[in-house]
Amino acid sequence: MSERNFRTVLLAALLCLAGSIAQAADPATVNAEQLMTQQERAEQRNKMRAAKTEEERAAVRAENHVRMSERAEAQGKVLVPVNPQGPQQAGGRRGQGPGAGPGASRATGGGQGRQ
């Protein structure tokens with residue numbers, strides 16, 4: 001490995017370590033899911049699924065965020081801010097869908113794998 005590559009890898013490792021230390025230094029920061037019971041998470045999912053428009057989903061998210069902010073404050077914690085458009089627009093989790101999967105090929109029509 002060249003010295004330049006070594007320095008790049010070392011810098012990347014140090015940045016990752018610094019991020020982990022910074023995150024561990026503030027254990028009072030939580031996300032809404034950590035404050036909710038399983039039943040509350042299920043109810044939130046159902047409300048999101050029942051919302052017909054993006055505006056309705058944004059309202060459901062905002063309402064939940066206010067509730068969880070109050071709960072976090074009562075526990076002496078800080079709720080992590082969220083993207084008002086939800087995790088998909090923020091590049092977060094996308095859920096499990098059919099997807100192309102392993103072995104998928106554009107030449108075979110996608111998702112069909114090799115024949």
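Two residues are in contact when heavy atoms of theirs lie within 4.5 Å. Keep that in mind for this tour, which walks through a predicted model.

**Stop 1: the whole chain**

Start by colouring the protein chain by secondary structure. You should find 4 helices and 2 strands. Follow them from the N terminus and the order is α-β-α-α-α-β. The chain has 115 residues, and 13% of them count as buried. Now think about contacts between residues at least 6 apart in sequence: 45% of these join residues at least 24 apart.

**Stop 2: two helices side by side**

Select residues 38-50, which form helix α3, and residues 54-74, which form helix α4. At what angle do α3 and α4 pack? The angle is about 160°, and the two axes are 8 Å apart. That angle makes α3 roughly antiparallel to α4, since angles over 145 degrees count that way. The crossing of these two helices is right-handed.

Next, show the side chains where the helices meet. From α3, select Glu40, Gln44, Lys47, Met48 and Ala50. Their partners in α4 are Glu56, Arg57, Val60, Arg61, Glu63, Asn64, Arg67 and Arg71. What kinds of residue make up this contact of α3 with α4? There are 8 charged, 3 nonpolar and 2 polar residues.

**Stop 3: charged pairs**

With charged residues on screen, here is a useful idea: side chains of opposite charge can pair when their charged atoms come close. A salt bridge here needs a side-chain nitrogen of Lys or Arg within 4 Å of a carboxyl oxygen of Asp or Glu. By this rule the model has 5 salt bridges.

Select Lys47 and Glu63 to see one of them, with 3.8 Å from N to O. Lys47 belongs to helix α3 and Glu63 to helix α4, so this pair ties together parts that are 16 residues apart in sequence. Are these two buried or exposed, or something in between? Lys47 has a relative accessibility of 36%, so Lys47 counts as partly exposed. Glu63 is partly exposed as well, at 45%.

Move on to Glu54 and Arg57, whose side chains form a salt bridge at 3.3 Å, N to O. Both residues sit in helix α4, and they are 3 residues apart, about one turn of the helix. Glu54 is partly exposed, with a relative accessible area of 35%. Arg57 is also partly exposed, with a value of 24%.

Keep Glu54 selected and add Arg61. These two side chains form another salt bridge, at 3.1 Å from N to O. Arg61 counts as buried, at 17% relative accessibility. Elsewhere, salt bridges that share partners join Lys47, Glu63 and Arg67 into one network, so add Arg67 to your view and trace the links among the three.

**Stop 4: Gln44 in helix α3**

Select Gln44, found in helix α3. Is Gln44 buried or exposed? With 13% relative accessibility, Gln44 counts as buried. Show what surrounds Gln44, leaving aside neighbours within four places in sequence, and you will find Met36, Val60, Arg61 and Asn64 in contact.

**Stop 5: Ala72 in helix α4**

Now go to Ala72, in helix α4. Its relative accessibility is 1%, which means that Ala72 counts as buried, under the 20% limit. If you skip residues up to four places away in sequence, Ala72 touches Leu35, Lys77, Val78 and Leu79. Try a distance too: the C-alpha atoms of Ala72 and Ala32 are 8.3 Å apart in space, while the two residues are 40 apart in sequence.

**Stop 6: Val30 in strand β1**

For the last stop, select Val30 in strand β1, residues 29-30. Val30 counts as buried, with 7% relative accessibility. Which residues is Val30 in contact with, leaving aside neighbours within four places in sequence? The partners are Leu35, Lys77, Val78, Leu79 and Val80. Draw a line from the C-alpha of Val30 to that of Val80: the separation is 5.8 Å, although these residues are 50 apart along the chain.

Key:
Residues numbered from 1 in each chain as written. Predicted model: local features only at pLDDT ≥ 70, side-chain atom pairs only at ≥ 80, totals over all residues. Heavy atoms only, no water. Axes fitted to C-alpha atoms, helices over the stretch in contact; angles between N-to-C directions. Parallel < 35°, antiparallel > 145°, perpendicular 65-115°, else oblique. Left-handed = near helix turned anticlockwise from the far one by under 90°. Nonpolar A, V, L, I, M, F, W, Y, C, P; charged D, E, K, R; others polar. Buried < 20%, exposed > 50% of the residue type's maximum accessible area, 1.4 Å probe, protein only.
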